[in-house]
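User: I would like to learn how to read salt bridges in a structure. Could you walk me through some?

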Amino acid sequence: MQPSSPTSPVFSEAASKTETMAQQGTSTLEQLQTPQQVELLDKIDELRHQGLGHHGISLPQLIVCGDQSSGKSSLLEGLTHLRFPTKEGMCTTFATEVVLRREPDIEISCTITPGKSRSPTERRELAKFKRTFPSRESFLFESVTEQAKEQMERGARSSRVSIFEDVLRVRYSGPELPSLTIVDLPGLFETELGGGSGAERVAELVTSYMRDDKSIILAVVVADNDPENQKVFRYLKDFDSTGARTLGIVTKPDKVERGGDNEKEMMRLVKNQKLPLKHRWHAVRNRSYATKDQTPAERDEAERIFFSNGVWASFPSQDVGIAALRVKLSQVLLEHIGRELPELITAVQSSIQTTEVGLKALGPVRDTAEQQRSYLMGHAQRFQTLTNDALRGIYSNPFFALSSLDEPATTRLRTEVQNLNMAFAQTMYVKGHTWNIGSTHGSSAPVPSDNYSQAFLEYNNEFDKPEVISREDLNSHIGELVRQSRPSGLPSLVNPLVIGDLFKQQSQHWCKHAKHHLQRVFKAVTAYVEEALGSLMDPYTCSMLMLKQVRPELDRRWRSVEAKLEELLVPYTEQDPVTYDPSFVYQVEELRAARYASKTKVQAGGPASASVPFVFGAGDDAQNYRQSAEHLLTESIDNYANSEILDLMQTYYKAIFISNIATLGIENCLIKDLSAIFSPTLTAGMDDDKLSAIASESEDIRHERATLKHKLSVLESGKQVLFEHIAMRPTIRTTTKPATTSLRSSMTPSRSRTQNSRQDEQERRDATPDAEDELSRQLDNLVVTPPSPASALVRSRPRVDSGTGTPTPKKQGRRRSPFGWPPKYDVPRATVEDASDDD
């Protein structure tokens, strides 16, 4: 199978050496992996550790999947020389990321990467987990796994959780290790003893990794069981049906009976004939229970002897053994990363922009008193501007925008207050008085019944309807008051004290109505202030500002409003009625004249006049006046006095109280100078203790800022490394046009073929022995020139033939290389150009 087209010279070099190095063992990995490749792997691992996968960025990775007891742990032991937990039953309840790096000193460090559903507090707790070991012998993998599980369980929201999305990260560095990163997933199993749901949760965790297109799946199967019968292969059919992302690993081949049918089927599988995969199959022989105490060297030697005998003796060495697997995995991972680099760069750039926006939203650092004061003064200035506009009804700022007409206009303060004042006035007309006089249909107050506002409906539902009473019954009630309130001296027609008592009874609900209205307006003002401050600063600072400064000032204003309400009620609840309005006498005379006019028309045989001026609590039925006119001539002096008292009380019952509540209570005591509750002047004079309590950053914000800064640093450095590898992509030129087409087809990654297709291809090659010579001539004519910073500036530099080492004659009209610095995010793949077209 021809190697796939490399995307970088370092990957091309690795591909050309793979087969040779598979025969030489682990020590040759140093030649396979250049320092640039190791740096690239480190950056991708660091990006993964920063949780980029939680933000929709998939990173290239190798994942190990297999059924329980498939030899997965023993396989990882052979690859890493670390003792993985191998006890019976479910060993791990989370993914384990094993990072191997070639470094002079041996060190093993274990940390936990929190899952995306963890809260900031849980993330900080999990970040405290760290275990370090100076040698492989001191590293107790099983103990670390148990400790990590306990740490994860402490932060779990439910004690029933047994499978975690957190990742245990084990970084193992040493002088004889390959630079490789593998994610080990819990083993799949069918059912759980006791009827638990552990199998479903394990399957959910494993499939979340398998469905990721950036994951290369290492499918571990047991040799003595048909892969079709193993659970991992059922998932492969769902998530990688073509086998393009899968490398199959056959374990326990020594358990298969030699010479039997099972051995033949196993060989067909390993030869990539039975179940073809793009990355083919690989066989390894792990430790058994009897050899569990073997050293890594003894284990590798026993494996080498096994694959040197029987049917394995003639099998390609690059497809068997743990040493060859290390080389193959490094090759597969590097090639996979190379293919994903352009898309990864785009994703990293997008994450950089998102991180920068997050940092900007946190605002500047606020460690010193000067920084804190500057922060608050800037926001105070913006709050004053918003509040002044809100009180004037100027809603041009985006803060006042409404997503729909049905949305509550909490930010439009003047509109909200106006609507509430109108609802209060309407409610006072309809339900503010105790009696509805002379009508069974409610008050004749001028309320627009066809266009009630939501605020009026809310107010109207809060209070009961007035009592309906006829004028005769009310006159009788007044007569009782008169008889119980006779003063000394000559009897008078009208006792002014009775007018006051009657008015107090008619207006006894004013206090309840007014207080409800003021509370509703105060609630609207408070909601606006919280909304405005919340739009300017982070939640913690906003809550502290409300607690330390704004809420006390709003409470003070509310106490002032309550005092003003008591003051406005005093003339109507504690004092005798007094008015100096010149129109008062005129309105009384007009009301009296209307009653006498009605009487006169009745005596003349005409209809009673209905043009009576409106008064609170008066009915709109002219029948009442008709009845009064009929009895006017025969009514006693007491009845006449009672009617006079009623007319005087109704005339005195005016709407001035409504206006006083709106102007003196709300405007003057509550919303006047509302912007002053948080102003630059107030901030400038604030003492340092109060300033620190309000404007200093919370622990969550400090942690978030540090996390975002570190993440941004990792992203920026990672992007630089990715750019450098993209910039090293070569430009390939050929001397003849037919050779270009042939080379392209030969460099295209070929899919896994069946045994018959490979035999047909071999027959065609045998029939045309000159094909290899033709390919050799094409390779000799290749011109490969990786661009460099110097070559990007000096484009006239002569190109050097890779075969002869001599300069190629400079040609006229040659097109410029499309690669420059800095590279674009959507850099194209390696291009193949025909030099003959330049002439």
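Analyst: Happy to! This is a predicted model. Let's start with a pair in one helix: the side chains of lysine 564 and glutamate 567 form a salt bridge, with 3.3 Å from N to O.

User: Where do glutamate 567 and lysine 564 sit relative to each other in helix 18?

Analyst: They are three residues apart in helix 18 (residues 539–573), so about one helical turn separates them.

User: Is each partner buried or partly exposed?

Analyst: Buried means under 20% relative accessible area. Lysine 564 is buried because its relative accessible area is 17%, whereas glutamate 567, at 47%, counts as partly exposed.

User: Which parts does the salt bridge between glutamate 416 and arginine 520 tie together?

Analyst: Those two side chains meet at 3.6 Å, N to O. Glutamate 416 belongs to helix 13 (residues 413–431) and arginine 520 to helix 17 (residues 510–536), so the bridge links parts 104 residues apart in sequence. Both glutamate 416 and arginine 520 are buried.

User: What about glutamate 697 and arginine 705?

Analyst: Their side chains also form a salt bridge, at 2.1 Å from N to O. Glutamate 697 has 3% relative accessibility, so it counts as buried; arginine 705 is buried as well, at 7%.

User: Which residues are linked in a network of salt bridges?

Analyst: Asp226, Glu265, Arg268 and Lys274 are joined in such a network.

User: And how many salt bridges does the count come to?

Analyst: The count is 32 salt bridges. For the wider setting, the chain has 29 helices and 14 strands, and buried residues make up 48% of its 839 residues.

Definitions and conventions: Residues numbered from 1 in each chain as written. Predicted model: local features only at pLDDT ≥ 70, side-chain atom pairs only at ≥ 80, totals over all residues. Heavy atoms only, no water. Helix = DSSP H or I, 4+ residues; strand = E, 2+ residues; numbered from the N terminus. Buried < 20%, exposed > 50% of the residue type's maximum accessible area, 1.4 Å probe, protein only. Salt bridge = Lys/Arg side-chain N within 4 Å of Asp/Glu carboxyl O.
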